[in-house]
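Okay, thanks everyone, my turn this week. Let me put the sequence and the model up, and then I'll walk you through it.

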Amino acid sequence: MSVLVTGGAGYIGSALVSELLDNGYEVISIDDLSRGDYRHLEDRANDSRLKPIVGDICDIVKLEKIVKEAKHVDAIFHLAAVPGLKLCQANPLKAIMTNICGTYNVLEVAKKFKIDKVIFTSSAAVYGDPLKVPLEETHPKRPKNLYGITKLAAELLLINYYQEHNLPIVILRLGNVYGLGLFTYWESVIPKFVRQALSGEALTIFGTGEQTRDFIHVQDVVKALKLALDAEDVAGEIFNVGTGEPVSVNTVAEMVSKIAEEELNIRPEITYLKPRKGDILTPGFCLCVDKIKKRLKFKPTWHLEAGIRQLVKHFLSLRTGP
């Protein structure tokens with residue numbers, strides 16, 4: 001089976017590519033390397049089943065050429081995006097072009113070449129402030145920031161292609177992804193706390209810290225993506241991907257502080273900053289994951305403390321070397 005992964009050099013994408021190769025798939029990856037790096041897949045350099053390509057999904061001509069030259073692509077995992085509130089605020093035009101126009105290009109190519117399934121990683125950011133928790137997939141979509149807006153716009157495009165062109169699509173709305181895949185970024189909340197704590201810095205929290213998130217490990221996200229690929233009778237469906245458990249930012253900070261004290265005998269301070277515009281500050285925010293558990297038999301395996309300890313160990317190994 002041959003699959004195309006957009007954003008295959010990225011955080012989730014590279015972990016997915018590795019898992020697909022382990023399961024015998026032929027994988028084509030396209031990534032513009034604006035954040036990703038194929039060096040994380042360097043141990044696969046001699047694997048003939050992997051074809052890593054540097055390219056932009058906004059270039060539909062290149063996208064078509066890639067799929068045409070592949071002879072046959074069974075499925076597309078569409079992960080390429082400008083992710084998160086901060087990056088979308090910093091470069092709104094690129095966010096709109098990549099997240100919306102790039103998605104249109106992927107769908108056009110999928111339609112032209114009659115791809116069997118397109119699996120899209122969306123975000124819990126499409127919901128905005130919750131009216132009711134846990135948030136079910138049918139909850140009203142009221143995104144508060146550009147990232148959520150672009151993800152919702154992309155979702156609507158996918159749904160349109162399913163309804164108008166019978167293109168089989170599956171949408172996964174991810175919670176707050178953390179943990180070590182082939183690598184991690186150190187800017188999002190949990191890795192940032194680990195980096196700050198182990199560097200002797202104060203942990204910085206926006207707002208009161210009582211706001212909650214549904215944290216999901218990157219390896220569990222990869223599992224959900226693979227389940228969506230293998231599942232039958234899920235065309236047009238939307239699934240939340242999370243643990244279903246709300247965890248406050250203050251709780252995460254306390255867990256990181258406790259582990260840092262165990263490892264290095266340091267107890268970091270906590271600094272509270274003004275809330276960021278567009279952040280969801282609602283206590284109790286979490287995703288309802290009943291649907292994905294029932295339909296895809298998805299069950300997260302990573303507990304939060306284990307995921308934090310994994311990041312701590314990784315950070316210390318980077319600092320001390322092999």
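**Charges, fold and cores**

So, charges: the protein carries 40 positive and 39 negative side chains, with the centres of the two sets 3 Å apart. Lys and Arg are the positives, Asp and Glu the negatives, with His and the chain ends not counted, and each charge is placed at NZ of Lys, CZ of Arg, CG of Asp or CD of Glu.

Quick caveats: this is a predicted model, where local features need pLDDT of at least 70, side-chain atom pairs count only at pLDDT 80 or more, and totals for chains, interfaces and linings use all residues. Numbering runs from 1 along each chain as its sequence is written, and side-chain values use heavy atoms, with hydrogens and water left out.

On to the fold: we've got ten helices and 13 strands, taken as DSSP runs (helices H or I, at least four residues; strands E, at least two) numbered from the N terminus. The C-alpha trace spans about 55 × 50 × 40 Å along its principal axes.

Now the inside. Buried residues, meaning under 20% relative accessible area with a 1.4 Å probe, protein chains only, make up 53% of the 322. The largest nonpolar core (buried Ala, Val, Leu, Ile, Met, Phe, Trp, Tyr and Cys joined through side-chain atoms within 4.5 Å) has 49 residues, and I12, L20, V27, F77, L172 and L225 touch the most other members. At least two core residues come from each of β1 (2-6), α1 (11-22), β4 (75-78), β6 (169-174), α7 (218-230) and β11 (237-241). Apart from that core sits another, of 26 residues, including I190 and V312.

Key. Buried means under 20% relative accessible area, exposed over 50%, partly exposed in between (1.4 Å probe, protein chains only).
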